[in-house]
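Visitor: I am new to this structure and would be grateful for an introduction. Please show it to me before we begin.

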Amino acid sequence: MSARTGRRARPAVRRRILPRPRVLLGVLLAGSFVAVLIVQAYINAEFTGDHVETGVGDQAGVPAAVLRGGPIINTTGGQESTTRLPDRTIALTFDDGPDPAWTPKVLEVLRRHDARATFFMVGSQVARHPELARQVVEAGNELGLHTFTHPDMQRLAPWRRELELSQNQMAIAKATGVRTSLARFPYSSRNAAIDDANWKLIKEAGALGYLVVVNDTDSFDWQRPGPTKIIQNATPPGDQSAVVLFHDAGGDRAQTVAALDEFIPRMKARGYRFTTVTEGLNLGIREQAAKTEAPAPLPLNPPAPAGDQWRGTALIWTVGLADGLVTVIGALFLVVGSLTIGRTLLLLLLATRHARQRRQPGWQWGPPVTEPVSVIVPAYNEKEGIEAAVRSLAGGDHPEIEVVVVDDGSTDGTADLVERMALPNVRVVRVPNGGKPNALNTGVALARHDLIVMVDGDTVFEEDSLRLLVQPFADHTVGAVAGNVKVGNRETTVALWQHIEYVIGFNLDRRLYEVMNCMPTVPGAIGAFRRQALQQVGGVSDETLAEDTDVTMAFCRAGWRVVYEEKARAWTEAPTTMEQLYRQRYRWSYGTMQAMWKHRKALFDSGPSGRFGRVGLPFLALFGLGLPMLAPVVDIMLVYGLIFWDLRETAVAWLGMLALQLFTAVVAFRMDRESLRPLLTLPLQQFAYRQLMYLVLLQSATTALTGGRLRWHKLNRTGLAPRSPSPEAAPAVALPAPSPAPSVAPVVDTWPPTGDDPYRGPVGRAVAPPVPSQVVPDDVRERL
């Protein structure tokens, strides 16, 4: 047989055709927000009033007839001509609208005095208020283009200038069903101010078929000098005609409305007529036709082509969507701010009260707890850290400790490593791989004692951690105790960020939850339980991926107190890469959602179960899921504010939120007696974590809503070194010497106990596999 035929062929590697779901989700979300910001950047670009000062440049290329001519400039078809309105004719023009506050008031004044006007509208405002544009046309007034976003047209590329006019035309077409041939550029004024740059713009507009309209008199209503001064500025000298500039948007226009109400009847009393620009132009054409050949009159508000109306529909929808999303984001920003402030106040009030109580001289749970403890260590491929973990557990200073390592079908020799340690109070149980809940239940079934401690296979305890952890059981109402989880591998940035999160987001919250008597989670890394309480809730369930949260909620519903012991510290190995962190948090978040859904009936229960359902579940939903999911809007609004809002106000708002978080962090670190040095990375940690947790929670919610199944992801471990007791730990109490412990388990029944589970019912219970037979050495058999 040849080497080629004798060698086993490698399986073909399947190439990923599509990106990972979370990558795709992140790209889609980021793309959506970027698209919204781009649309907002376009429709809000440089929108300021027409009164911005602009200088007049070189006028050598502008025809003298235009500089001295009328306000209606025609460069269509290559011609260069201007037109004035007939004597004693006024065309009122209004720029920058429509505005929901002032445009209706202007229309009411025009209606009351039987006058019509020309409204040069901004396309983005038409898209936002199409009904106002329609009201203007229905009242017999005329529309003109004032660009789509109100930019300085001289600063734009030619294609953008054309787009500004065409998009405005499409918005008007959809909103009103008409089109217009009139255009007025932002920041333009009179004929005499036209320079070479503006003349180029006017000729470009003429090539597109537009008449450009400037003004004869400017009311300067934007200065709000008072109605009398506005009237004086708008009044043409003698019997001359005038295209008069007013504004129906861009600020408070109360003086404009008051001035119009007096200006129109006053000018009518002098023999003036009020027309639209096109009507005044047609009157001039008719007068000219009587003398020489003149062009045909222009129609007033001619119908818009169907194509423009269809494109206008898409444009208005896009603007509406962008505005709507930004409004939603702004509202969510207020919600996040309110939740953050509310959480901070609760933490300051309740968590600090918890800390002060525990640190009072002489405070204790009761008489020292010296009952023996069984420690259950579920282990699946934990060879990197299992020896350090087991040695720290077996060497604790509690009087009697038994350690039951349940090897859950490991393939890396985890069980062999523990057996070779040959520690007298450590036993190894090998079971087929069945998941962490089954391994825990098996360990509980084999445990000889009534105080049960459950730990992870990568967790290292301090010497006094076990003793301190079980002291709350001096209170007979306590059913479970959560310990203080510390990140042991803080060398990498990702792990250091998790250290910050553990201190602020987990340990500080546990103080709060204990005071509120609604602790949702006893961490898998360090948690203690009464066997009686475990029996009552049916053991550890395998129905969720967050078995620690699931069983803790069951304890609360059963009426047991769940407390936090800050002095019992356990050092865990945190994920060191964003990929591993994402996997871990995805599982945690999804499991928490499963547990909340599973215990949802508590909302309608009475007694302790109902109290947890109406206090604990909403609190967890609000601050554990809702706030992290919405927190990224803080950064989104920062980016948005830096682009569109006042830079100083935006920076103050964002820094205020950061200062609040920093204050909370300092309080938490002081309570845990941790160095404040890691908080130097808090701004970056907060920014990075918000985005990560947003994606994690969103993907978890998507998975839950679609009925998807999530499998357990094993993290890569490197192992932790043993830890010494913390300096502030309570001194050891003189305890009786431990009694000899056999190295094998007594005969036990199945675990969890048989019988109906009040929270899960008789179906779906996680039942441990049969305990495998153990070979008992002769010397041990003799002692037994």
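**Burial, and an open sheet**

Visitor: What percentage of the 784 residues in the chain is buried?

Guide: This is a predicted model, in which local features need pLDDT of at least 70 and side-chain atom pairs pLDDT 80 or more, while totals for chains, interfaces and linings use all residues. Residues are numbered from 1 along each chain as its sequence is written, and side-chain values use heavy atoms, without hydrogens or water. Buried means under 20% relative accessible area, exposed over 50%, and partly exposed in between, with a 1.4 Å probe and protein chains only. Of the 784 residues in the chain, the buried share is 55%.

Visitor: Which strands are at the edges of the open sheet?

Guide: Strands are DSSP runs of E with at least two residues, numbered from the N terminus, and two of them pair if DSSP finds at least two bridges between them. Eight strands make up this mixed sheet, ordered E13-E12-E11-E14-E17-E16-E18-E15. Pairing on one side only marks the edge strands, E13 (426-431) and E15 (460-461).

Visitor: Which residue of E17 is the bridge partner of leucine 451?

Guide: Strand E14 (residues 451-454) has both faces covered, with Leu451 and Val453 buried on one side and Ile452 and Met454 buried on the other. Four bridges join E14 to strand E11 (residues 373-379) in parallel, and four bridges link E14 to strand E17 (residues 527-530) in the antiparallel sense. In E17, leucine 451 has as its bridge partner arginine 530.
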